[in-house]
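Trainee: Please take a close look at one part of this model and describe what surrounds it. Add whatever is needed to place that part in the chain.

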Amino acid sequence: MATKYIFFTGGVVSSVGKGVTAAAVGRLLKERGFKVAVQKLDPYINVDPGTMSPYQHGEVYVLDDGAETDLDLGHYERFVDINLNKVCNTTTGQVYAEVISKERRGDYLGGTIQVIPHITNEIKRRIAMVGKTMEAEIVLVEVGGTVGDIESLPFLEALRQLRSDIGRENTLYIHVTWLPYIGATSEMKTKPTQHSVRELRSIGISPDMIVARADEPFEESLREKIALFCDVDKKAVIPMVTTPVLYEVPLLLEREKVAEYILKRFGLEERIKPDWTKWQELVDETKRPKESVKIALVGKYVELHDAYMSVREALKHAALHLGVELDLKWVHSAELEKGREWDLVNECDGILVPGGFGSRGIEGKIQAIHHARVEKIPYLGLCLGMQLMVVDFAREVLKTDNVNSTEFDRSTSHPVIDLMLEQKEIINLGGTMRLGLYPCHLQPGTKAGDAYAKELVFERHRHRFEFNNSYREILAEHGMRYSGISPDGQLVEIAELEDHPFMLGTQFHPEFLSRPTRPHPLFVAFVKAACEKAGIVTKQL
Ligand code: GLN
């Protein structure tokens with residue numbers, strides 16, 4: 001069968017859940033036996049979000065192949081339960097970089113390079129690559145931003161062209177909008193939706209389906225009104241009522257028969273009956289009142305929860321699996337340095353320090369880690385959180401505070417976290433980070449070994465610095481165990497402490513591989529230890 005394409009555009013305002021909708025639709029189709037892939041087209045000019053501030057962009061999501069991508073790819077992977085590829089995130093920056101480098105090479109034989117057709121062709125080439133590299137039968141493509149943004153115009157033009165390039169029977173356009181609620185007259189308004197559809201039409205795209213997000217359920221008459229004014233089938237106007245349970249979205253869309261409509265439009269039959277039992281259990285479990293376990297997330301972008309999206313989701317998955325409610329306390333590491341927010345830390349049964357870059361708030365994080373170690377509070381350190389756990393422990397063992405990662409103090413007497421020799425050479429050439437999937441050998445009989453119950457795992461990385469092997473022996477003598485190491489024995493991937501209920505740090509980012517129905521074993525082990533500390537009885541889903 002020819003690859004089918006579903007394009008998602010956004011109207012009215014941003015942040016209405018376009019990414020989650022695309023991810024959920026992907027799940028609906030996967031449940032019916034189709035091989036799907038999801039791509040995000042980001043209209044910004046950065047080549048990737050790797051260098052963008054988490055304040056601007058939220059978390060940088062890392063794929064198996066090391067691509068640094070938009071956080072929506074995290075939704076796609078978690079909902080559809082697939083591993084995506086770097087072609088699944090394309091930005092304006094990448095498109096222009098490619099076209100300009102071809103132009104410099106003379107590939108265009110002296111032609112004038114224009115948005116149409118050169119930029120749009122490059123966009124279409126990148127869309128086509130998704131189907132090929134992921135061997136997908138149905139490719140879902142989400143365009144970032146909202147219709148009407150100048151930046152997204154070339155992307156929308158490319159999508160418009162695709163309808164005639166590959167045929168109406170192989171393309172479907174879904175427009176995700178927002179119905180504002182006017183309190184004074186207590187009614188929901190469709191006018192902004194009508195306007196955004198008109199805007200979309202003016203660039204030549206007529207949506208086949210409208211997903212109308214609203215905070216309240218709306219009446220049938222409103223659905224009819226949208227269908228009439230926006231010229232779509234009534235059945236193709238899909239109400240999406242805000243739910244506090246993210247993972248309920250596929251079930252909501254299932255109820256509205258979204259997949260039936262899409263498959264019919266494509267002339268496809270479902271191959272297997274969708275089975276939502278596990279998913280429904282997950283949603284029911286989320287809604288069931290449960291005992292709460294308090295976990296402190298100590299970071300420096302805590303004002304913006306999106307900056308730690310995957311960490312929060314991984315904690316939620318683990319808590320759900322154990323039948324407890326996650327009560328996450330967001331603690332600012334720079335505040336800890338000033339002696340503030342310690343009350344939040346003190347009331348928690350587990351402390352987590354996530355990944356991060358740069359020196360702001362570092363000592364605050366180390367103080368939180370020190371507190372976890374001395375007070376025997378379960379601790380999970382992710383990447384930077386592992387590195388700082390090593391710093392804290394080494395300060396104790398070496399009986400001096402002159403211990404650090406060279407990221408924060410180049411002239412420290414004890415660089416327990418440092419660049420590897422080979423990396424020191426590459427740094428001048430630009431390629432500096434260890435990115436993507438790397439193998440990790442687990443030591444049996446350790447906390448990590450027991451949690452994974454495997455010998456070899458692959459985990460995603462995104463960092464420059466590493467554990468300095470010169471300190472392995474001395475720290476081990478005092479109770480540090482290297483429960484995960486690279487198969488060649490050169491890199492410490494997981495460190496943990498003996499004589500502590502649970503104090504473990506990973507050089508990689510386990511949060512990227514946690515899935516709602518398959519929580520990550522290290523997160524489960526950590527949350528379980530926190531529950532034990534709090535005296536909460538857990539169950540295994
Ligand atoms: N800044 C640290 C490094 O580069 C940690 C990175 C991270 O936490 N992702 O190694």
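Mentor: What follows starts with strand 14 and its partners, turns to the ligand, and then takes up a second sheet and a few other sites. This is a predicted model, in which local features need pLDDT of at least 70 and side-chain atom pairs count only at pLDDT 80 or more, while totals for chains, interfaces and linings use all residues. Residues are numbered from 1 along each chain as its sequence is written, and side-chain values use heavy atoms, with hydrogens and water left out.

Strand 14 covers residues 350–353; helices (H or I, at least four residues) and strands (E, at least two) are DSSP runs, numbered from the N terminus. G350 and L352 point one way from strand 14, and I351 and V353 point the other way. All four are buried, a word used for under 20% relative accessible area, with exposed meaning over 50% and partly exposed the range in between (1.4 Å probe, protein chains only).

Strand 14 has parallel partners in strand 12 and strand 15. Strand 12 (residues 292–299) is joined to strand 14 by three bridges in the parallel sense, and two strands count as paired if DSSP finds at least two bridges between them. In this pairing L297 stands opposite L352. Strand 15 (residues 379–382) also runs parallel to strand 14 over three bridges, and there Y379 is the bridge partner of I351.

The chain passes from strand 14 to strand 15 by way of helix 15 (residues 362–374), and the three elements form a right-handed β-α-β unit. Right-handed here means that, with the strands pointing away from the viewer, the path from the first strand over the helix to the second runs clockwise. Helix 15 has 13 residues, which at 1.5 Å a residue should span 18 Å, and its end C-alpha atoms are 18 Å apart, in agreement; the expected span is 1.5 Å times one less than the number of residues. Its buried residues are I362, G364, K365, I366, A368, I369, H371, A372 and R373. Just after helix 15, K376 has a positive phi of about 55 degrees.

The ligand comes next. Among the residues around the ligand are G355, G356 and F357, along with C383, L384 and Q387; a residue is listed if one of its heavy atoms lies within 4 Å. E407, R462, H463, R464, F465 and H509 are also around the ligand. A backbone N or O atom of G356 is 2.9 Å from a ligand oxygen atom. On the side-chain side, an N or O atom of E407 is 2.7 Å from a ligand nitrogen atom, and an N or O atom of H509 is 3.1 Å from a ligand nitrogen atom. The protein covers 99% of the 290 Å² of accessible area that the ligand has on its own, as computed by the Shrake-Rupley method with a 1.4 Å probe.

A second group of strands forms an open sheet of three, in the order 16-17-20, with mixed pairing. Its edge strands are strand 16 (403–405) and strand 20 (466–467), each pairing on one side only. Strand 16 runs parallel to strand 17 (residues 414–418) over three bridges; V403 has H414 as bridge partner, and S405 stands opposite I417. Strand 17 and strand 20 are antiparallel over two bridges, with E466 the bridge partner of D418. Four of the five residues of strand 17 are buried, leaving this strand mostly covered.

Some sites elsewhere in the chain complete the account. V99 lies in helix 4 (residues 92–105) and is buried, because its relative accessible area is 3%. The C-alpha atoms of V99 and C383 are 36 Å apart, with these positions 284 residues apart along the chain. N89, in strand 5 (residues 89–91), is likewise buried at a relative accessible area of 3%. The side chain of N89 reaches the backbone oxygen of K40 at 3.2 Å. Such a polar contact is a pair of N or O atoms within 3.5 Å; within protein, one must be able to donate a hydrogen and the other to accept it, and residues adjacent in sequence count only if both atoms are side-chain atoms.

Helix 1 (residues 18–30) should span 18 Å, and its end C-alpha atoms are 18 Å apart. Twelve of its 13 residues are buried, so helix 1 is largely enclosed by the rest of the structure.
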